[in-house]
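Biologist: Could you take a close look at how the helices pack against one another in this model, and walk me through the contacts residue by residue?

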Amino acid sequence: MVGDPAEVDTDLLIVGAGPAGLFGAYYAGFRGLSVTLVDSLPELGGQVSALYPEKLILDVAGFPAIKGRELVEQMVEQAASAKPTYLLGRTATKLSIDDDVVTMGLDDGALVRAKVVIITAGIGKFTPRPLPAGEGWEDRGLVFFVPSFAEYAGRDVVIVGGGDSAFDWAHSLESIAKSITLVHRRDKFRAHQATVDAVLAGSTEVITQAQVTALQGEHHVEAVEITTNDGEVSTRPAQSVVAALGFVADLSAMQEWGIEFDKRHIKVDTAMRTNLPRVFAAGDITEYDGKVRLIAVGFGEVATAVNNAAVTVDPDAHVFPGHSSEGS
Ligand SMILES: Cc1cc2nc3c(=O)[nH]c(=O)nc-3n(C[C@H](O)[C@H](O)[C@H](O)COP(=O)(O)OP(=O)(O)OC[C@H]3O[C@@H](n4cnc5c(N)ncnc54)[C@H](O)[C@@H]3O)c2cc1C
(Lines give C-alpha, C1' and ligand atoms only; values in the text may rest on other atoms or scores of the structure.)
Protein backbone atom coordinates (compact mmCIF):
# COMPACT_ATOMS: atom_id res chain seq x y z
CA MET A 1 0.00 0.00 0.00
CA VAL A 2 1.26 3.48 -0.75
CA GLY A 3 -0.35 5.62 1.92
CA ASP A 4 -0.51 9.33 2.55
CA PRO A 5 -1.36 9.60 6.24
CA ALA A 6 -0.23 12.45 8.49
CA GLU A 7 0.29 10.10 11.46
CA VAL A 8 1.17 6.43 11.49
CA ASP A 9 1.52 4.04 14.44
CA THR A 10 3.53 0.93 13.74
CA ASP A 11 5.55 -1.70 15.57
CA LEU A 12 8.56 -1.36 13.28
CA LEU A 13 9.59 1.59 11.12
CA ILE A 14 12.18 0.85 8.43
CA VAL A 15 13.96 3.87 6.95
CA GLY A 16 14.97 2.91 3.40
CA ALA A 17 13.15 0.53 1.05
CA GLY A 18 16.18 -0.91 -0.72
CA PRO A 19 17.01 -4.63 -0.62
CA ALA A 20 17.78 -4.61 3.11
CA GLY A 21 14.61 -2.69 4.00
CA LEU A 22 12.36 -4.87 1.83
CA PHE A 23 13.74 -8.11 3.26
CA GLY A 24 13.37 -6.59 6.73
CA ALA A 25 9.69 -6.02 5.97
CA TYR A 26 9.26 -9.72 5.18
CA TYR A 27 10.91 -10.66 8.48
CA ALA A 28 8.78 -8.19 10.42
CA GLY A 29 5.70 -10.01 9.12
CA PHE A 30 7.23 -13.36 10.06
CA ARG A 31 7.66 -12.00 13.61
CA GLY A 32 4.08 -10.72 13.74
CA LEU A 33 5.15 -7.07 13.75
CA SER A 34 3.31 -4.38 11.83
CA VAL A 35 5.78 -2.59 9.56
CA THR A 36 6.04 0.77 7.81
CA LEU A 37 8.75 1.68 5.31
CA VAL A 38 9.68 5.22 4.33
CA ASP A 39 11.83 6.05 1.31
CA SER A 40 12.73 9.34 -0.30
CA LEU A 41 12.67 7.76 -3.76
CA PRO A 42 9.36 7.42 -5.59
CA GLU A 43 9.85 3.66 -6.11
CA LEU A 44 10.88 0.60 -4.11
CA GLY A 45 14.26 -1.10 -4.46
CA GLY A 46 16.87 1.49 -3.43
CA GLN A 47 20.07 1.58 -5.47
CA VAL A 48 19.01 -1.49 -7.47
CA SER A 49 15.90 0.17 -8.93
CA ALA A 50 17.42 3.61 -9.26
CA LEU A 51 20.85 2.80 -10.64
CA TYR A 52 20.91 -0.59 -12.34
CA PRO A 53 17.46 -2.15 -12.82
CA GLU A 54 18.48 -3.78 -16.11
CA LYS A 55 21.84 -5.19 -14.98
CA LEU A 56 22.20 -8.87 -14.22
CA ILE A 57 23.13 -9.58 -10.59
CA LEU A 58 25.10 -12.80 -10.18
CA ASP A 59 25.71 -12.99 -6.44
CA VAL A 60 22.34 -13.29 -4.74
CA ALA A 61 21.96 -16.80 -3.32
CA GLY A 62 19.38 -18.87 -5.14
CA PHE A 63 19.44 -16.72 -8.29
CA PRO A 64 22.36 -17.62 -10.59
CA ALA A 65 21.54 -14.49 -12.62
CA ILE A 66 18.70 -12.07 -12.04
CA LYS A 67 17.99 -8.58 -13.39
CA GLY A 68 17.89 -5.87 -10.74
CA ARG A 69 14.28 -5.07 -11.58
CA GLU A 70 13.22 -8.71 -11.22
CA LEU A 71 15.01 -9.11 -7.90
CA VAL A 72 13.12 -6.08 -6.56
CA GLU A 73 9.81 -7.50 -7.85
CA GLN A 74 10.52 -10.78 -6.03
CA MET A 75 11.44 -8.95 -2.83
CA VAL A 76 8.28 -6.83 -2.98
CA GLU A 77 6.21 -9.99 -3.45
CA GLN A 78 7.97 -11.66 -0.51
CA ALA A 79 7.46 -8.57 1.68
CA ALA A 80 3.75 -8.42 0.80
CA SER A 81 2.99 -11.16 3.34
CA ALA A 82 3.80 -8.57 6.04
CA LYS A 83 1.22 -6.12 4.59
CA PRO A 84 3.71 -3.25 4.81
CA THR A 85 2.71 0.41 4.68
CA TYR A 86 4.93 2.17 2.15
CA LEU A 87 5.49 5.92 2.50
CA LEU A 88 7.34 6.76 -0.71
CA GLY A 89 8.73 10.06 -1.90
CA ARG A 90 9.23 11.08 1.73
CA THR A 91 12.43 11.57 3.70
CA ALA A 92 12.91 10.75 7.37
CA THR A 93 14.31 13.93 8.90
CA LYS A 94 13.73 14.06 12.68
CA LEU A 95 14.06 11.35 15.29
CA SER A 96 13.11 11.51 18.94
CA ILE A 97 12.94 8.75 21.53
CA ASP A 98 10.59 8.92 24.48
CA ASP A 99 10.68 5.85 26.77
CA ASP A 100 9.25 3.10 24.59
CA VAL A 101 8.22 5.15 21.54
CA VAL A 102 10.44 6.33 18.72
CA THR A 103 8.91 9.18 16.75
CA MET A 104 10.13 9.94 13.25
CA GLY A 105 9.26 13.17 11.52
CA LEU A 106 9.11 13.12 7.71
CA ASP A 107 9.86 16.03 5.41
CA ASP A 108 6.18 16.46 4.52
CA GLY A 109 5.26 16.95 8.19
CA ALA A 110 3.94 13.39 8.74
CA LEU A 111 4.85 11.61 12.00
CA VAL A 112 5.53 7.90 12.39
CA ARG A 113 5.44 6.48 15.92
CA ALA A 114 7.19 3.13 16.23
CA LYS A 115 8.26 0.72 18.95
CA VAL A 116 11.52 0.10 17.09
CA VAL A 117 13.30 1.59 14.08
CA ILE A 118 15.71 -0.07 11.66
CA ILE A 119 17.76 2.24 9.47
CA THR A 120 18.50 0.65 6.10
CA ALA A 121 19.34 3.93 4.40
CA GLY A 122 22.21 2.68 2.21
CA ILE A 123 24.33 5.60 1.07
CA GLY A 124 21.72 8.11 2.29
CA LYS A 125 19.07 10.06 0.46
CA PHE A 126 20.29 10.27 -3.08
CA THR A 127 19.20 12.91 -5.50
CA PRO A 128 20.12 13.12 -9.17
CA ARG A 129 22.75 15.67 -10.19
CA PRO A 130 20.89 18.36 -12.09
CA LEU A 131 21.33 19.06 -15.79
CA PRO A 132 22.12 22.80 -15.79
CA ALA A 133 20.30 23.40 -19.09
CA GLY A 134 17.31 21.42 -17.84
CA GLU A 135 16.05 23.78 -15.18
CA GLY A 136 12.27 24.09 -15.48
CA TRP A 137 11.94 21.07 -17.81
CA GLU A 138 11.10 18.40 -15.25
CA ASP A 139 7.67 16.94 -16.04
CA ARG A 140 8.06 18.38 -19.56
CA GLY A 141 10.22 15.61 -21.00
CA LEU A 142 13.29 15.73 -18.76
CA VAL A 143 13.79 12.69 -16.50
CA PHE A 144 16.57 11.37 -14.29
CA PHE A 145 15.51 7.70 -14.16
CA VAL A 146 14.28 5.26 -16.76
CA PRO A 147 12.28 2.82 -14.64
CA SER A 148 10.42 1.28 -17.62
CA PHE A 149 11.11 1.30 -21.32
CA ALA A 150 7.77 0.88 -23.10
CA GLU A 151 6.82 4.59 -22.93
CA TYR A 152 9.88 5.48 -25.06
CA ALA A 153 8.58 3.58 -28.09
CA GLY A 154 8.81 5.75 -31.21
CA ARG A 155 10.48 8.69 -29.43
CA ASP A 156 13.69 10.56 -30.13
CA VAL A 157 15.66 10.27 -26.89
CA VAL A 158 18.72 12.25 -25.87
CA ILE A 159 20.72 10.75 -23.00
CA VAL A 160 23.28 12.90 -21.21
CA GLY A 161 26.17 11.19 -19.38
CA GLY A 162 29.00 8.73 -19.79
CA GLY A 163 28.48 6.27 -16.93
CA ASP A 164 26.78 2.91 -16.48
CA SER A 165 23.23 4.26 -16.32
CA ALA A 166 23.66 6.34 -19.50
CA PHE A 167 25.04 3.39 -21.45
CA ASP A 168 22.62 0.83 -19.97
CA TRP A 169 19.66 3.00 -20.91
CA ALA A 170 21.03 3.73 -24.40
CA HIS A 171 21.59 0.02 -24.98
CA SER A 172 18.16 -0.97 -23.67
CA LEU A 173 16.22 1.74 -25.50
CA GLU A 174 17.97 1.33 -28.86
CA SER A 175 15.48 -1.23 -30.14
CA ILE A 176 12.46 0.63 -28.70
CA ALA A 177 13.03 4.34 -29.34
CA LYS A 178 12.98 6.02 -32.77
CA SER A 179 16.48 7.43 -32.23
CA ILE A 180 18.99 7.66 -29.39
CA THR A 181 21.64 10.35 -29.06
CA LEU A 182 24.13 10.07 -26.22
CA VAL A 183 25.95 13.27 -25.27
CA HIS A 184 28.99 13.21 -22.99
CA ARG A 185 31.30 16.06 -22.13
CA ARG A 186 34.47 13.93 -22.19
CA ASP A 187 35.81 11.43 -24.72
CA LYS A 188 36.28 8.71 -22.07
CA PHE A 189 33.44 6.76 -20.50
CA ARG A 190 32.96 5.38 -16.97
CA ALA A 191 30.71 2.50 -18.01
CA HIS A 192 31.14 -1.27 -18.34
CA GLN A 193 33.27 -1.78 -21.46
CA ALA A 194 31.02 -4.46 -22.97
CA THR A 195 28.02 -2.10 -22.82
CA VAL A 196 30.07 0.78 -24.26
CA ASP A 197 31.19 -1.47 -27.13
CA ALA A 198 27.61 -2.61 -27.78
CA VAL A 199 26.32 0.98 -27.88
CA LEU A 200 29.18 2.17 -30.11
CA ALA A 201 28.47 -0.70 -32.51
CA GLY A 202 24.72 0.01 -32.53
CA SER A 203 22.54 2.77 -33.95
CA THR A 204 23.03 5.29 -31.09
CA GLU A 205 24.66 8.53 -32.16
CA VAL A 206 27.40 9.18 -29.59
CA ILE A 207 28.55 12.79 -29.37
CA THR A 208 31.55 13.31 -27.10
CA GLN A 209 33.29 16.44 -25.80
CA ALA A 210 29.95 18.20 -25.95
CA GLN A 211 27.15 19.34 -23.68
CA VAL A 212 23.42 19.83 -23.91
CA THR A 213 23.20 23.60 -23.64
CA ALA A 214 19.45 24.17 -24.07
CA LEU A 215 16.15 22.31 -24.21
CA GLN A 216 13.70 23.68 -26.74
CA GLY A 217 9.95 23.33 -27.20
CA GLU A 218 6.74 25.15 -26.45
CA HIS A 219 5.13 23.10 -23.66
CA HIS A 220 7.07 19.84 -23.85
CA VAL A 221 10.63 19.32 -25.00
CA GLU A 222 10.86 19.00 -28.79
CA ALA A 223 14.61 19.40 -29.42
CA VAL A 224 17.92 19.92 -27.65
CA GLU A 225 20.76 22.21 -28.47
CA ILE A 226 24.19 20.56 -28.29
CA THR A 227 27.41 22.56 -28.10
CA THR A 228 30.77 20.90 -28.57
CA ASN A 229 33.83 21.96 -26.57
CA ASP A 230 35.00 23.67 -29.80
CA GLY A 231 31.86 25.83 -29.77
CA GLU A 232 30.04 24.11 -32.62
CA VAL A 233 26.26 24.23 -32.07
CA SER A 234 23.72 21.76 -33.46
CA THR A 235 20.24 20.53 -32.56
CA ARG A 236 18.64 17.10 -32.40
CA PRO A 237 14.96 16.26 -32.14
CA ALA A 238 14.03 14.97 -28.67
CA GLN A 239 10.73 14.21 -27.01
CA SER A 240 12.61 12.77 -24.03
CA VAL A 241 15.84 13.89 -22.37
CA VAL A 242 17.43 11.57 -19.83
CA ALA A 243 19.98 13.22 -17.52
CA ALA A 244 22.18 10.38 -16.26
CA LEU A 245 24.78 12.49 -14.50
CA GLY A 246 25.04 10.53 -11.27
CA PHE A 247 23.74 11.15 -7.80
CA VAL A 248 24.57 13.13 -4.70
CA ALA A 249 24.10 11.16 -1.49
CA ASP A 250 22.95 13.12 1.54
CA LEU A 251 23.16 11.85 5.11
CA SER A 252 22.91 15.24 6.79
CA ALA A 253 19.43 14.75 8.33
CA MET A 254 20.43 11.43 9.90
CA GLN A 255 23.66 12.80 11.27
CA GLU A 256 21.58 15.08 13.55
CA TRP A 257 19.84 12.17 15.30
CA GLY A 258 22.56 11.42 17.87
CA ILE A 259 23.53 8.16 16.21
CA GLU A 260 27.20 7.24 16.30
CA PHE A 261 28.63 7.43 12.79
CA ASP A 262 32.02 6.33 11.48
CA LYS A 263 32.45 8.73 8.56
CA ARG A 264 29.37 8.01 6.39
CA HIS A 265 28.32 4.78 8.13
CA ILE A 266 26.47 3.86 11.31
CA LYS A 267 28.32 1.83 13.93
CA VAL A 268 26.43 -1.30 15.02
CA ASP A 269 27.08 -4.19 17.39
CA THR A 270 26.60 -7.87 16.51
CA ALA A 271 22.82 -7.56 17.05
CA MET A 272 22.77 -4.57 14.63
CA ARG A 273 21.99 -2.19 17.49
CA THR A 274 23.11 1.41 17.18
CA ASN A 275 24.11 3.46 20.22
CA LEU A 276 20.48 4.67 20.54
CA PRO A 277 17.87 2.54 22.33
CA ARG A 278 15.27 0.94 20.01
CA VAL A 279 17.23 1.99 16.92
CA PHE A 280 18.92 -0.67 14.78
CA ALA A 281 20.65 -0.45 11.39
CA ALA A 282 21.38 -2.89 8.55
CA GLY A 283 22.65 -3.00 4.97
CA ASP A 284 25.11 -0.67 3.26
CA ILE A 285 24.74 2.00 5.95
CA THR A 286 26.36 -0.09 8.74
CA GLU A 287 29.97 -0.22 9.80
CA TYR A 288 31.95 -2.77 11.81
CA ASP A 289 35.26 -4.51 11.44
CA GLY A 290 35.20 -6.64 8.29
CA LYS A 291 32.06 -5.07 6.79
CA VAL A 292 31.29 -6.05 3.17
CA ARG A 293 28.76 -3.89 1.30
CA LEU A 294 26.72 -6.35 -0.75
CA ILE A 295 23.03 -7.22 -1.09
CA ALA A 296 23.62 -10.69 0.38
CA VAL A 297 25.26 -9.23 3.47
CA GLY A 298 22.41 -6.72 3.95
CA PHE A 299 19.89 -9.59 3.88
CA GLY A 300 21.66 -11.33 6.76
CA GLU A 301 22.10 -8.14 8.75
CA VAL A 302 18.46 -7.12 8.48
CA ALA A 303 17.29 -10.60 9.54
CA THR A 304 19.50 -10.19 12.63
CA ALA A 305 18.18 -6.66 13.21
CA VAL A 306 14.48 -7.58 12.94
CA ASN A 307 14.79 -10.64 15.17
CA ASN A 308 16.61 -8.67 17.85
CA ALA A 309 14.15 -5.78 17.45
CA ALA A 310 11.31 -8.29 18.02
CA VAL A 311 12.77 -8.98 21.48
CA THR A 312 12.94 -5.25 22.19
CA VAL A 313 9.22 -5.05 21.35
CA ASP A 314 8.40 -8.14 23.42
CA PRO A 315 11.09 -9.08 25.95
CA ASP A 316 9.49 -12.54 26.37
CA ALA A 317 10.06 -13.33 22.68
CA HIS A 318 13.06 -15.33 21.48
CA VAL A 319 15.68 -13.89 19.15
CA PHE A 320 15.54 -17.03 17.00
CA PRO A 321 12.34 -16.82 14.95
CA GLY A 322 11.94 -20.52 14.19
CA HIS A 323 12.26 -21.87 10.67
CA SER A 324 10.03 -20.37 7.97
CA SER A 325 9.80 -23.85 6.39
CA GLU A 326 7.96 -25.13 9.46
CA GLY A 327 4.95 -22.98 8.63
CA SER A 328 4.71 -24.14 5.01
C1 LIG B 1 25.93 -0.01 -10.42
C2 LIG B 1 25.85 -0.88 -9.18
C3 LIG B 1 25.89 -2.27 -9.30
C4 LIG B 1 25.83 -3.08 -8.16
N5 LIG B 1 25.88 -4.44 -8.32
C6 LIG B 1 25.78 -5.24 -7.22
C7 LIG B 1 25.82 -6.66 -7.35
O8 LIG B 1 25.97 -7.21 -8.45
N9 LIG B 1 25.72 -7.42 -6.20
C10 LIG B 1 25.59 -6.87 -4.96
O11 LIG B 1 25.46 -7.59 -3.97
N12 LIG B 1 25.55 -5.52 -4.82
C13 LIG B 1 25.65 -4.70 -5.90
N14 LIG B 1 25.63 -3.33 -5.75
C15 LIG B 1 25.50 -2.79 -4.36
C16 LIG B 1 24.05 -2.93 -3.88
O17 LIG B 1 23.18 -2.24 -4.77
C18 LIG B 1 23.95 -2.37 -2.47
O19 LIG B 1 24.77 -3.14 -1.61
C20 LIG B 1 22.50 -2.47 -1.98
O21 LIG B 1 21.62 -1.72 -2.79
C22 LIG B 1 22.41 -1.96 -0.54
O23 LIG B 1 21.09 -2.12 -0.12
P24 LIG B 1 20.51 -1.26 1.08
O25 LIG B 1 19.08 -1.69 1.20
O26 LIG B 1 21.40 -1.37 2.25
O27 LIG B 1 20.60 0.27 0.60
P28 LIG B 1 20.08 1.03 -0.72
O29 LIG B 1 19.86 0.12 -1.86
O30 LIG B 1 21.03 2.16 -0.89
O31 LIG B 1 18.66 1.60 -0.26
C32 LIG B 1 18.60 2.60 0.72
C33 LIG B 1 17.33 3.40 0.53
O34 LIG B 1 17.22 4.32 1.64
C35 LIG B 1 16.62 5.52 1.17
N36 LIG B 1 16.93 6.58 2.12
C37 LIG B 1 18.15 7.02 2.52
N38 LIG B 1 18.04 7.98 3.45
C39 LIG B 1 16.70 8.15 3.65
C40 LIG B 1 15.92 8.99 4.51
N41 LIG B 1 16.50 9.83 5.38
N42 LIG B 1 14.58 8.92 4.43
C43 LIG B 1 13.97 8.06 3.56
N44 LIG B 1 14.66 7.23 2.75
C45 LIG B 1 15.99 7.27 2.80
C46 LIG B 1 17.24 5.71 -0.21
O47 LIG B 1 16.39 6.52 -1.01
C48 LIG B 1 17.33 4.28 -0.72
O49 LIG B 1 16.21 3.92 -1.51
C50 LIG B 1 25.71 -2.50 -6.86
C51 LIG B 1 25.65 -1.10 -6.73
C52 LIG B 1 25.73 -0.30 -7.87
C53 LIG B 1 25.67 1.21 -7.71
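Modeller: In this predicted model, helix α4 passes helix α5 in a left-handed crossing. The axes of α4, which spans residues 164-173, and of α5, which spans residues 193-201, come within 9 Å and cross at roughly 45°. An angle from 35 to 65 degrees is neither roughly parallel nor roughly perpendicular, and α4 and α5 are therefore oblique to each other. On the α4 side the residues that meet the partner helix are F167, D168, A170 and H171, and on the α5 side they are T195, V196, A198 and V199. Sorted by class, this contact of α4 with α5 has 5 nonpolar, 2 polar and 1 charged residues.

The other helix pair to look at is α1 with α3, where α1 likewise passes α3 in a left-handed crossing. Helix α1 covers residues 19-30 and helix α3 covers residues 68-79, and their axes come within 7 Å while crossing at roughly 25°. Because angles under 35 degrees count as roughly parallel, α1 and α3 are described as roughly parallel to each other. From α1, the residues making the contact are P19, L22, F23, A25 and Y26, and from α3 they are V72, M75, V76, Q78 and A79. By class, the contact of α1 with α3 has 9 nonpolar residues and 1 polar residue, with no charged residues, whereas the contact of α4 with α5 does include 1 charged residue.

Terms used
Residues numbered from 1 in each chain as written. Predicted model: local features only at pLDDT ≥ 70, side-chain atom pairs only at ≥ 80, totals over all residues. Heavy atoms only, no water. Axes fitted to C-alpha atoms, helices over the stretch in contact; angles between N-to-C directions. Helix = DSSP H or I, 4+ residues; strand = E, 2+ residues; numbered from the N terminus. Parallel < 35°, antiparallel > 145°, perpendicular 65-115°, else oblique. Left-handed = near helix turned anticlockwise from the far one by under 90°. Contact = heavy atoms within 4.5 Å. Nonpolar A, V, L, I, M, F, W, Y, C, P; charged D, E, K, R; others polar.
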